[in-house]
Amino acid sequence: MVSQISHNRIEPFGVEATVGFARGLTEQDKDELRRLYVLDGLLLIRGLELSMEDQLEFCSIFGPVLRSAHDRYLVSNVAKDGLLGDLELLFHHDIPYVPAPFLAGALHALDVSEGVSGTKYASGMRAYERLPQKLRDRIDGLNALFIRPRDESRRNKLVDSLPGDNCAVHAVVQRQKGTGRPYIFVNGQSTASLIGLPESESDALIEELLCYLYAEDNICEHKWKNGDLIIWDNLALQHARGKITSGVRTLQRVTVGRFGYEEQYPADSAWYGDLQEDRGFGARQGAA
């Protein structure tokens, strides 16, 4: 049977797929969607109208979907039960301060005003490809310490942590599952330090890597339209958004991962209500 999926590449990276859902997705269709997804770690499909359950089922094509309230929710500046409000979010990976960060995130535009803040994506794979060999050799084998961010306006360090906050160590250079393509795993929000280096050297090296990651031609910004769905690789890519100053922006969030947030950080889940009230962001921060 011929696949009902066509596609074109997005500049500077990503794939937009056109999918015919009328007869349902065959296993061949699903294989094609997975193939397109891993090309750049970002897949866009337009013109959908998905319930939360529909979105969970679709995203299960790409891995195990998580069903707890901390892992599927609304990102909105107007909905009563929406999260993140109008906050600006720096580039980040979702929950890198736990042992198993999410594998992928998916946002589906339910109600967005024209021109409202888009979502920006930066590719750790493209950034690694641009590193000079000397810098690749320097970061090979290094590990980074990631902490739960407490200040949304800058890169957080250990001094910013509060009692009970979690942290985790991950390799600076990792490889995309299925392709082996290397990528940089540091970000401008929660990478506190590079382990084993003096603080000044660690800070300088992180900032050097961030320059490659956040180069203008390594950022793909998606301007949302109702019905859009984007699924992205949360490890090989990171995402951000600007402050929302006007309009309506309600997106439906689904997460792919091996372990849910509550499984890995149950104490934070218990504190979530207090953190939302006291600090304006909490356990479910991160979806942009």
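In the predicted model, strand β3 and strand β15 (residues 229-233) are paired in the antiparallel sense through four bridges. Within this pairing, L43 of β3 lies opposite I231 of β15. A further partner of β3 is strand β2 (residues 15-19), with which the pairing is parallel and extends over three bridges. Here A17 is the residue that stands opposite I45 of β3. The side chains of β3 (residues 42-45) alternate in direction: L42 and L44 point one way, L43 and I45 point the other way, and all are buried. Thus L43, which faces I231 across the antiparallel pairing, and I45, which faces A17 across the parallel one, point to one side of the strand.

Strand β3 also takes part in the environment of helix α2. This helix spans residues 52-59, and its buried residues are M52, Q55, L56, F58 and C59. Viewed down the axis of α2, these buried residues fall within an arc of 165 degrees, so they line one face of the helix. An α-helix has 3.6 residues a turn, so residues three or four places apart point the same way. The elements that cover the buried residues of α2 include helix α1 (27-40) together with strands β3, β4 (73-76), β7 (104-112), β15 and β17 (249-256). Both members of the antiparallel pair β3 and β15 are therefore among the elements covering α2.

Two open sheets were identified elsewhere in the chain. One consists of four strands in the order β6-β16-β8-β14, with antiparallel pairing. Its edges are formed by β6 (89-92) and β14 (219-222), each of which pairs on one side only. From one strand to the next, the twist averages 20 degrees. Inside this sheet, strand β8 (residues 119-123) and strand β16 (residues 237-241) run antiparallel and are joined by five bridges. One of the facing pairs is formed by T119 and R241, the latter in β16.

The other open sheet comprises three strands in the order β10-β9-β13, and its pairing is likewise antiparallel. Strands β10 (167-171) and β13 (191-194) are the edge strands, each pairing on one side only. Neighbouring strands of this sheet are turned by 30 degrees against each other on average, with direction ignored. Strand β9 (residues 143-147) is connected to β13 by three antiparallel bridges, and F146 stands opposite T191 of β13.

The largest pocket has a volume of about 450 Å³. It is lined by 19 residues, of which Y37, F62, L103, K177 and D233 are the closest to its centre. Helix α1 and strand β11 (173-175) each contribute at least two residues to the lining. The largest share, three residues, is supplied by α1, a helix that also belongs to the elements covering the buried residues of α2.

Among the residues closest to the centre of the pocket, K177 is located in the loop between β11 and β12 (182-184). K177 has a relative accessibility of 78% and therefore counts as exposed. By contrast, L44 of β3 is buried. The two residues K177 and L44 are 133 residues apart in sequence, and their C-alpha atoms lie 20 Å apart in space.

Conventions
Residues are numbered from 1 along each chain as its sequence is written. This is a predicted model: local features need pLDDT of at least 70, side-chain atom pairs count only at pLDDT 80 or more; totals for chains, interfaces and linings use all residues. Side-chain values use heavy atoms; hydrogens and water are left out. Buried means under 20% relative accessible area, exposed over 50%, partly exposed in between (1.4 Å probe, protein chains only). Two strands pair if DSSP finds at least two bridges between them. The arc is that of the directions from the helix axis to the C-beta atoms. Contact means heavy atoms within 4.5 Å. Axes are lines fitted to C-alpha atoms, for helices over the stretch in contact, and angles run from 0 to 180 degrees between N-to-C directions. On a 1 Å grid over the protein atoms alone, a cavity is a set of points where a 1.4 Å probe fits but cannot get out, and a pocket is an open set with protein on both sides within 12 Å along at least five of seven lines; lining residues have an atom within 4 Å of a point. Grid points are joined across faces, edges and corners, and a volume is the space filled by probe spheres set on the points.
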